[in-house]
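Colleague: Could you take one part of this model and walk me through it slowly? I'd like a close look with the rest of the fold as background.

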Amino acid sequence: MARVGNSIIKGIEVQEIITTLNRAYADEWLAYYQYFIEAKVVKGLMKDAAIAELVQHAADELRHATMVADRIIQLGGAPLLHPADWLKQTNCGYDAPNDFDVVAVLKDAIKGEQCAIATYSSIVDLTRNKDIVTYDLVSQILADEVMHEEDLQNLHDDITEFIGDLKKSMQ
């Protein structure tokens, strides 16, 4: 634990930050798995574009989990040690894909990113002017999550438009 580093935290208990970050850590692992498995099972038109996006986002979520775990350890805590705890501590939950169609998979992924944006926005608010290190880390992750939502929404819209055009041309 960084004693001097932690001494700059003002107006918030370190344990509150650790608890909050552990919930985000659970979200990141579940998001990683969701993207990983969706990339394996997705079907339909333009699925290769979706697979590329899902694989990239999975890698980003794993990187986020690492960043959050490192910060938890810096604060003197321990990241959640058992995967069963991820489901108990998650903010965003985990919805196993039940419709493998590319449009449905992308809708689920967008929903997950929107939850991540809300989660990290609240952590930014919690740590602003209190814990600059966590604030900066979470701001970086939040920027990634916003970009993920935009990427997924654009791909979803492109595929939906393509399918609509294809249906019109077949009439």
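What follows is a close look at helix H5 and its surroundings.

Modeller: Happy to. Keep in mind that this is a predicted model. Let me set the scene before zooming in. The protein has six helices and zero strands, so read along the sequence the pattern is simply α-α-α-α-α-α, with helices being runs of at least four residues. Its C-alpha atoms fill a box of roughly 70 × 30 × 20 Å along the principal axes. There are 171 residues, and 40% of them are buried. The accessible surface comes to about 9,100 Å², with 57% of that belonging to carbon and sulfur atoms. Take the contacts between residues at least 6 apart in sequence: 84% of those join residues at least 24 apart.

Now to H5 itself. The helix covers residues 102–127, which is 26 residues. From its first C-alpha to its last, H5 reaches 37 Å, close to the 38 Å expected at 1.5 Å a residue.

Start at the front end. A side-chain oxygen of Asp-101 reaches to within 3.1 Å of the backbone nitrogen of Val-103, right at the start of H5.

A bit further along sits Lys-111, which forms a salt bridge with Asp-95, the closest N and O atoms being 2.8 Å apart. This pair links distant parts of the chain: Lys-111 is in H5, while Asp-95 is in the loop between H4 and H5, 16 residues away. Both ends count as partly exposed, because Lys-111 has 49% relative accessibility and Asp-95 has 39%.

Next along H5 comes Ala-116. With a relative accessible area of 11%, Ala-116 falls under the 20% cut-off and so counts as buried. Leaving out residues up to four places away in sequence, Ala-116 touches Cys-92 and Glu-145. Glu-145 belongs to helix H6, which runs over 132–169. If you want a distance to check on screen, Ala-116 and Met-67 are 15 Å apart, C-alpha to C-alpha, with their positions 49 residues apart in sequence. Met-67 is part of helix H3, residues 47–74.

Toward the far end, the side chains of Asp-125 and Arg-128 meet in a salt bridge, 3.0 Å from N to O. Asp-125 is partly exposed, with a relative accessible area of 48%, and Arg-128 is partly exposed too, at 37%. Elsewhere, salt bridges that share partners join Asp-60, Arg-63 and Asp-144 into one network. The count for the protein comes to six salt bridges.

Just after H5, Asn-129 takes a positive phi of about 60°, and that is in a residue other than glycine. Asn-129 sits in the loop between H5 and H6. Its relative accessible area is 77%, which means Asn-129 is exposed.

It's worth setting that beside another spot in the chain. Met-46 also has a positive phi of about 60° although it is not a glycine, and Met-46 is likewise in a loop, the one between H2 and H3. Here the relative accessible area is 31%, so Met-46 counts as partly exposed. Leu-45 is found in that loop between H2 and H3 as well, and at 39% relative accessibility Leu-45 is partly exposed. Leu-45 and Met-46 join Phe-162, Leu-166 and Met-170 in a nonpolar patch on the surface, with about 450 Å² of accessible area together.

One last stop is H4, the helix before H5, at residues 83–89. Asp-85 forms a salt bridge there with Lys-88, the closest N and O atoms being 3.9 Å apart. Why do these two line up? An α-helix has 3.6 residues a turn, so residues three or four places apart point the same way. Asp-85 and Lys-88 are three residues apart in H4, which means about one helical turn separates them. Asp-85 is partly exposed at 24% relative accessibility, whereas Lys-88 is exposed at 62%.

So, going along H5 once more: the Asp-101 contact is at the start, Lys-111 pairs with Asp-95, Ala-116 is buried, and Asn-129 comes just after the helix with its positive phi.

Technical notes: Residues numbered from 1 in each chain as written. Predicted model: local features only at pLDDT ≥ 70, side-chain atom pairs only at ≥ 80, totals over all residues. Heavy atoms only, no water. Patch = residues over 30% accessible without salt bridge, like charges linked within 9 Å, V, L, I, M, F, W, Y side chains within 5 Å. Areas by Shrake-Rupley, 256 points an atom, 1.4 Å probe, with all protein chains shown as cover. Salt bridge = Lys/Arg side-chain N within 4 Å of Asp/Glu carboxyl O. Helix = DSSP H or I, 4+ residues; strand = E, 2+ residues; numbered from the N terminus. Buried < 20%, exposed > 50% of the residue type's maximum accessible area, 1.4 Å probe, protein only. Expected span 1.5 Å × (residues − 1). Polar contact = N/O pair within 3.5 Å; in protein donor to acceptor, adjacent residues only side chain to side chain. Contact = heavy atoms within 4.5 Å.
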